Amino acid sequence: MTEPDIHEVTLTVNGKTYCESVEARWSLADFLRHKLGLTGTHLGCEHGVCGACTVLLDGHSVRGCLTLAVQANGCAVETVEGLAPSETELNPLQQAFWDNHGLQCGFCTPGILMTLTEFLRDNSDPSESEVREALSGNICRCTGYQGIVDAALAAAAAMRQSD
Amino acid sequence: MSTHLVGQRIKRLEDPDLLSGRGQFVDDLQIPHLLHAAFLRSPLAHARIRSIDTSAAAGMPGVHAVWTATDLPAVMHGRRMLLQVPNPAIRHPITQEPLATDEVNFVGEAVAVVVADSRHLAEDACERIHVDYEALPVSADCESALKPGAGMAHAGIDGNIAAQFTLDFGDIESAFRNAAHVIQDRYFQHRGTANPMEGRGVVAAFDPISNHFTVWSATQSPFVIRRCLVDMFQVEESAIRVVAPKDVGGGFGPKGMYYPEEVVVPALARELGRPIKWIEDRREHFLSTTQERDQIWDVSIAVDADGKILGLRGRLAHDAGAYLPWGIITPYISTTTIAGPYIVPAFKFDTTVIFTNKPPTTPLRGAGRPQAVFAMERTMDLVADTLGIDRAEIRRRNLIPADAMPYKMGLIFRDGAPVIYDSGDYPKCQSMAMDAAGYDGFSARQEAARKQGRYIGIGIANAVEGTGLGPFEGATIKIAPSGRVVLQTGAAPQGQAHHTTLAQLCAQELNVPIERVDIVTGDTNAVSLGVGTFASRIAVNAGSSVRLASQTVRGKLFKLAAAVLQVGEEDLEMEDGDIRITGEQGDSVSFSDLAKMMNGVPGFKLPDGIEAGLEATSYFQPSQAAYANGCHVAEVEVDTETGAVAILRYIVAHDCGNLINPMIVDGQVQGGVAHGIGNALLEQLHFDGDANPLTTTFAEYLLPTAELVPNVKILHLESPTPNNPLGVKGAGEGGTLPAAAVIAAAIEDALSPFQIRFRDAPILPHQIMAALSNSADRP
Amino acid sequence: MPMMNMRYVMVDHLVDLNQVTELAGIRMSGGRASIGAMTRQRDILASPDLLSVAPIFAEALQQVGHIQTRNRGTIGGSLSHLDPAAELPGLAALHDATVTLSKSGSSREIAIKDFAFGYMTPCTEPDEILSEISFDTWPSGHGYDFREFAQRHGDFAITGVGTLMALDATTRIERVACVLIGIDYQPIRLTDIERDLIGQTPSEDLFRAAGEKARERDMMEDALVPESYRKQLAAVLLRRSLTSAAARAAGQSE
């Protein structure tokens, strides 16, 4: 058994720069959770279907479980921990989830928030069916999705109003 | 009282942390010096273990230990996990061993464990463990298991019958003899899994100074686990603390069980002197977490010329899997549920619980009721179609009327008490659902659609659920010296918002803002006795305990304040943590003042007649289950060329008594329907003829997504139960119970020109196409 | 990656091509499109140059996985992985594409019909990578349609169909290409059905007959789906795809 393959990576996460040693075999999700202690990103399946691990990589939603940590070298990563403007506030998307019962156990929620962050940035006035299609890559086992859909539409409306 | 919280759509206290990534799930716990465990699992459904060679694995870098059954503490040798729900009908009360000794009985059973510096290294080492198996004949499913020459699920048990029991009442022979029609059929519901988005996980630490274990588990029932560990380790309760982390990512039943990993990981922690973590990956969830369904129902119904039920009888074959960790609760619930909301004068069901070499089956959202409801509601549809009576009308004729409540239906429930439906208006619930669905106008809509070549259909189904299962779930309410209110309970949430709903109840009694309440759940150190969160029981039990304990504390506060302020209690009012003389400014005393006083200042005498401490504990014990009910109506469209099914509309009329937080209840119903849609159209665990699992990933086992679950229109009828002080009934499972039945009925209705019946769930597109191509009137 | 996560595939060396920017990009030149292997599916979906001349790519790619997988997934990755249900190999077959396999110092071109060696195995040599795929685009105004069947959006298709069609001045079918995915280890061009359609006037009966002819082919069967169902889907989806492509061809030529 050979020695583990270690690489140096430099990346930003939620705007903060990190220089870390990572094993080649670590996923980006493992790296965020256990090396950086950012446990908001969750692992539900590790085969790219459930979407719980979704983060933004250079602004685009990706599966944290299917991206190796080394592949994030030189990239900007955004996770759920970077959404709120401060310790005591929530951003409009998070607030909409709170107002609309958009979560129950909360395990799938960070992945859904990151998916919707990208989606609403690119679609400011989506229809309900567009929202549902955007969510088709995130599985929730608790809510039956209605609260999530309501929250996404409410967030879109709130963000249009404040523009 | 100015605070009015109960009955309000209060936003959840849990959300800000979860939305900000500050959840604390079991894999998030930052514990220093942690080591990681990975389990080696059997690749065969039934085999003898001839030998295990761990030498190569033990020598790998970063590996601290490799254990098989012989390495477990001596106190566990030769012993199996505790059977916590015994029943005299069980012939072979066999449960799992913590690690398999000489026989494995399902694919996924734990055979060995590796502890290493990382999970990656532990799994690498697992691959180097060599197990020499001798394959044994397999008991593959509950039909073939009973045939002559079938493989035995357990080599040491002759025959595959785990239990048999009969439940009956009334004169069944006469009912069938005198019937105008006897109608029968067979129904089958396929195995499924819970698949919460977070799998299982255990972290254990052992403190050698106090000789105490701390076990964190993503569980619904810390007390159930503690009971098991006390038995396995043969130590006192006080030596074991089990904690469900602040956040558990869904449960739905299987996380309420107790598992070998919860025994092995603490044992390793004690032996190695380091905290140990094991997190289930998704494949392990498919292999080793308990499952449900796989029931074959033969149902025979006797009706008179008007379609009124005279008798119901039949057989249930229930696949238990390889072990009975939760006894025979699921099939027992199934059999006691099947009569549902209908008047059934005579009843006889024979249930056989069968061992197979598959993962054990235990309650999963609905706990055996969805299967029973499917069998009964499909039967009612068959009666309707046979007699030429509308499917809603046949139900209306048989529903127990409101003035018959409380209604003794004839059987004994799992808690030993007779099944008495305490309250509810079933006919009104059905008509509410039908009105909201525009049921009466549907045939016109169907006609119009058919002219356009579209096949739409409507289905209706009813269900009754015994909720609020006892024996108890306690709560302690206390006022801290800071003036904050502390609420401690054995309940263990996984998304049902216990914190919010219980805080609403407490804050209303004490007239404080809901944010003033600190809630501790899921910790065996927080409350002396507990059971767990399953069976839709917490609102009833913990909720009632919270109400009662809060009322006691409220009473103490008033009594104390009266003594301190030297007025009568009737002159006082309580608001926002203060108790003041009504109408006057000044003269008040705060919760904080009173708490400090009651905590005991040495030498100062407490007022007469008042016990020390501003706290109270209540263990509400329900006299019997509180029966919730619901009526579902669904409209679907079937593509008769591909078999695709789209749900156009879904209506639920739901009665769970009083609602503590309607927003939470709606979320539970919507989520429950999503599970039901999965059961009806998507979810199926496939095994081959040797009980090897074929669906072990999310690409093969399909869960409902946002595009498949409609916006459920939820109507509430509130028939408060007299069985608890809150008048509430459980709401966590009702959304699931009739869903598969109602969707099957709607699909049949859509395809009624082709005279097709569906007796199984899930109903997959290729099965619809096969039925259509077999139909004489193919499209 | 899923296969590595599940320990079905254990590699000795893993080379990440994400930094090799020369391998990404879409070039349009003289009626021929060339797409670099590392071009993201998302970028194909966002390329007005390509979509304006090959709109079928938009329709097909909307059905490839989900936003999160399209953000990272590449055309070269999809082609090299050769999942039988994958849409991009289907589009390549539909366009009679050429695949460029490159190694240090040289490249060779393979017709797409020769690219698949076996189940999930391209003919790429161990010292080669797929570097580019190129194909002639269809003339403006052509009809197109891509559809597939899966129980949920974004799942692996059980069966799928892609159609390209051009009509002549008399609205007869001048040119047509049809591909089936999900029925065999590689996408299957329905060349016999295409021949039968040339010179014919689009009609429901014509396309129904084409669908029934597709049904006659042998198709994959697995533990979850019987062959008869794939045949049913092939027949229905082909008929619907031809109908839609013909309507688009007629609409655009007016």
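Which residue stands opposite Lys478(B) in β20(B)? That position is taken by Val486(B). The model you are looking at is predicted, and this briefing visits three places in it: an open sheet in chain B, the strand β1 of chain B, and the two domains assigned to chain C.

**The four-stranded sheet of chain B**

- Here the strands run in the order β21-β20-β19-β25 (chain B), forming an open sheet with mixed pairing.
- At the edges stand β21 (517–520) and β25 (615–620) of chain B; each has a single partner strand, so one side of each is left without a neighbour in the sheet.
- From one strand to the next, the twist averages 15 degrees.
- Within this sheet, β19 (residues 473–479) of chain B pairs with β20 (residues 485–489) of chain B in the antiparallel sense, over five bridges.
- Lys478(B) and Val486(B), the two residues from the opening question, stand opposite each other.
- A helix joins the picture too: α14 (residues 538–565) of chain B lies across β19, β20 and β25 of chain B. Its direction is at about 30 degrees to β19(B).

**Strand β1 of chain B and its partners**

- As a reminder for reading this part, strands of a sheet pair through backbone hydrogen bonds, either parallel or antiparallel.
- Strand β1 (residues 35–41) of chain B is largely enclosed by the rest of the structure, because six of its seven residues are buried.
- With strand β12 (residues 276–279) of chain B, β1(B) pairs in the parallel sense over two bridges. In that pairing, Leu35(B) stands opposite Ile276(B) of β12(B).
- With strand β5 (residues 110–116) of chain B, β1(B) pairs in the antiparallel sense over six bridges. There, Ala38(B) has Val114(B) of β5(B) as its bridge partner.

**The two domains of chain C**

- The domain assignment divides chain C into domain 1 (2–136) and domain 2 (143–253).
- Between the C-alpha centres of domain 1 and domain 2 of chain C, the distance is 23 Å.
- Where the domains of chain C touch, domain 1 supplies 21 residues and domain 2 supplies 20 residues.
- On the side of domain 1 of chain C that touches domain 2, the elements giving two or more residues are α4 (56–61), α7 (87–94) and β5 (116–118) of chain C.
- Helix α7(C) gives the largest share of that side of domain 1, with six residues.
- By residue type, the side of domain 1 of chain C that touches domain 2 holds 13 nonpolar, five polar and three charged residues.

Conventions:
Residues numbered from 1 in each chain as written. Chains lettered and ligands numbered in written order. Predicted model: local features only at pLDDT ≥ 70, side-chain atom pairs only at ≥ 80, totals over all residues. Pairing = 2+ DSSP bridges. Axes fitted to C-alpha atoms, helices over the stretch in contact; angles between N-to-C directions. Contact = placed C-beta atoms within 7 Å. Buried ≥ 20, exposed ≤ 12 C-beta atoms within 10 Å, placed from the backbone. Domains from an automatic or database assignment. Nonpolar A, V, L, I, M, F, W, Y, C, P; charged D, E, K, R; others polar.
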